[in-house]
Amino acid sequence: MNNLNRDSLIQDYAQQLLDGMDYKTMECFVYDTLIENLSSYSDETLIEHVKEYSPELLEECNDVTVVEVAQ
């Protein structure tokens, strides 16, 4: 199978899967995917992302020592 056909098949199949999902199934899928992706981050990278997008989470968490990431 050449790349163009493979890419097209993947896109068509993904669209069909998406079309068959209800809101709750999509929500579960997105949540699981986010957990999986975030779990692969180093502590420093995770803290950097949280600082940028949701800093209030670090303020609420007493168990996290915020490590400054060298820039």
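These questions and answers go through a predicted model of one protein chain.

Colleague: How many helices and strands does the protein chain have?
Modeller: From the N terminus on, the order of elements is α-α-α-α. No strand is present. The tally is four helices and zero strands.

Colleague: Where in the protein chain is confidence lowest, and where is it highest?
Modeller: Across the protein chain the pLDDT averages 87, and 85% of the residues score at least 70. Among the helices, α4 (residues 56-60) is the low point, at a mean of 88. The high point, at 97, is α2.

Colleague: What share of the residues in the protein chain is buried?
Modeller: Buried means under 20% relative accessible area. The protein chain has 71 residues and an accessible surface of about 6600 Å². Carbon and sulfur atoms hold 54% of that surface. The buried share of residues is 4%.

Colleague: Which helix gives the most to the nonpolar patch?
Modeller: The patch covers about 510 Å². Phe29, Val30, Leu34, Leu38, Tyr41 and Leu46 make it. Four of its residues come from one helix, spanning residues 23-39. That helix is α2.

Colleague: Is valine 30 buried, partly exposed or exposed?
Modeller: Valine 30 sits in helix α2 and belongs to the nonpolar patch. Partly exposed lies between the 20% and 50% cut-offs. Valine 30 has 45% relative accessibility, so the class is partly exposed.

Colleague: Which side chains meet in a salt bridge?
Modeller: The structure holds one salt bridge. Its two partners both lie in helix α2, three residues apart, about one turn of the helix. The N to O distance is 3.3 Å, within the 4 Å cut-off. The pair is glutamate 27 and lysine 24.

Colleague: Which class, partly exposed or exposed, does glutamate 27 fall in, and which does lysine 24?
Modeller: Exposed starts over 50% relative accessible area. Lysine 24 is at 53%, so lysine 24 counts as exposed. Glutamate 27 is at 36%, and therefore counts as partly exposed. In short: glutamate 27 is partly exposed, lysine 24 exposed.

Note on methods: Residues are numbered from 1 along each chain as its sequence is written. This is a predicted model: local features need pLDDT of at least 70, side-chain atom pairs count only at pLDDT 80 or more; totals for chains, interfaces and linings use all residues. Side-chain values use heavy atoms; hydrogens and water are left out. Patches are made of residues with over 30% relative accessible area and no salt bridge: like charges are joined within 9 Å, nonpolar side chains (Val, Leu, Ile, Met, Phe, Trp, Tyr) within 5 Å. Accessible areas come from the Shrake-Rupley method with a 1.4 Å probe; for residues, only the protein chains shown count as cover. Helices (H or I, at least four residues) and strands (E, at least two) are DSSP runs, numbered from the N terminus. Buried means under 20% relative accessible area, exposed over 50%, partly exposed in between (1.4 Å probe, protein chains only). pLDDT is the predictor's confidence in each residue, from 0 to 100.
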